[in-house]
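Me: Please take a close look at one part of this model, namely a pocket and the helices beside it. I would like a connected account that keeps to what can be computed from the atoms.

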Amino acid sequence: MTETQAPYARIAAELRGRIERGELRPGDRVPSTRAITQRWGVAMATASKVLALLGQEGLVRAVPGVGTVVEARPAAGGPGRRPAAENDTAQRARIVRAAVVIADAEGLAALTMRRLGAELGVSAMSLYRHVSSKEQLVVLMADAVFGEQTLPDRPPPHWRERLELSAALQWRLYRAHPWLAGAMNLNRPLLIPNGIRHIDWALAALDGLGLDDDTRMHAAVTLFGYVRGHAVDLQPETDAARTSGVSGQEWMRAQETRLAALVDGGAFPAFAAARTGSALSPESLLQHGLTTLLDGLATRITTPPN
């Protein structure tokens, strides 16, 4: 850049540099012609030439109702530029990671495209260049978090141990991401590769045990659904603890007087007798149900495992 460059070329060079350094990312709005005239003190015609030049170079494009935004990185050209497809993939992954952080901290209801755009420092409209809707974003989020827990290449040798491990890994995911269980629905399942991998792993564990395909499929999906169903309460509990500052255990202890008044009068004798020797927790309930489920499945197996 030299002093003899035309004003529009100097301004275009400055904006080009911001784009190439990543200060302006794909989908971000660039200064409008009016903003250029105000910032650089040039005529409207000069500002128009700035945007026209960047458009000719494939760096920006006009979006009706939004303005001029940064285009995906052009495929081959200047040094350091990456193919558009690669850049789009990286941008989508960045969006998904930020969305997961918001949902983990505040729940899925707090995740909006406007909030996500603000977190990333871009306009909400720019996000739609990488995800078509919030629904698609949630699908990508679910697939990403299921991908966090890799199933071992060398699984436990026994079918029961294998299913117990799958259930434990799923429960760990739901614990880490309380919104996840509520985002899923077995009637209209999210077709995510990393979720299907758990079903596939369970099916493989039940192969060669004398079970027909229908029984194996029902068993694998029932296991998946059982853990998911048990985890649905995690988000409401997380929300309640966050807003009230009272944990679930603290809340239960505070209810002891009321519970005693309900059961100690003799109206519920079986409940009163059993509760004194019982210590319930989300994990104990999960394990009890899992043991019962697998015990029932074991009665259907006709071929002993090798």
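Reply: What follows goes from the second largest pocket to helix 11 and then to a residue of helix 10. The model is a predicted one, and its local features are given only where pLDDT is at least 70.

The second largest pocket holds about 210 Å³ of space, and its lining is made up of 13 residues, with Leu186, Pro189, Leu190, Ile199 and Phe224 lying nearest the centre. By class, that lining comprises 11 nonpolar and two polar residues, while charged residues are absent from it. Helix 10, which covers residues 193-205, and helix 11 each supply at least two of the lining residues.

Helix 11 runs over residues 213-231, and its 19 residues reach 27 Å from the first C-alpha to the last, close to the 27 Å expected at 1.5 Å a residue. At its start, a side-chain oxygen of aspartate 212 comes to within 3.1 Å of the backbone nitrogen of aspartate 214. Phe224, one of the residues nearest the centre of the pocket, is buried, and the buried residues of helix 11 also include Leu223, Val227 and two arginines, Arg216 and Arg228.

In helix 10, asparagine 194 has a relative accessible area of 17%, and it therefore counts as buried, the cut-off being under 20%. Its side chain is joined to that of arginine 197 by a polar contact of 2.3 Å. Leaving aside residues up to four places away in sequence, asparagine 194 touches Asp143, Phe146 and Gly147.

How values were computed
Residues numbered from 1 in each chain as written. Predicted model: local features only at pLDDT ≥ 70, side-chain atom pairs only at ≥ 80, totals over all residues. Heavy atoms only, no water. Helix = DSSP H or I, 4+ residues; strand = E, 2+ residues; numbered from the N terminus. Expected span 1.5 Å × (residues − 1). Buried < 20%, exposed > 50% of the residue type's maximum accessible area, 1.4 Å probe, protein only. Polar contact = N/O pair within 3.5 Å; in protein donor to acceptor, adjacent residues only side chain to side chain. 1 Å grid on protein atoms, 1.4 Å probe; cavity = no way out; pocket = protein on both sides within 12 Å on 5 of 7 lines; lining within 4 Å. Points joined across faces, edges and corners; volume = space filled by probe spheres on them. Nonpolar A, V, L, I, M, F, W, Y, C, P; charged D, E, K, R; others polar. Contact = heavy atoms within 4.5 Å.
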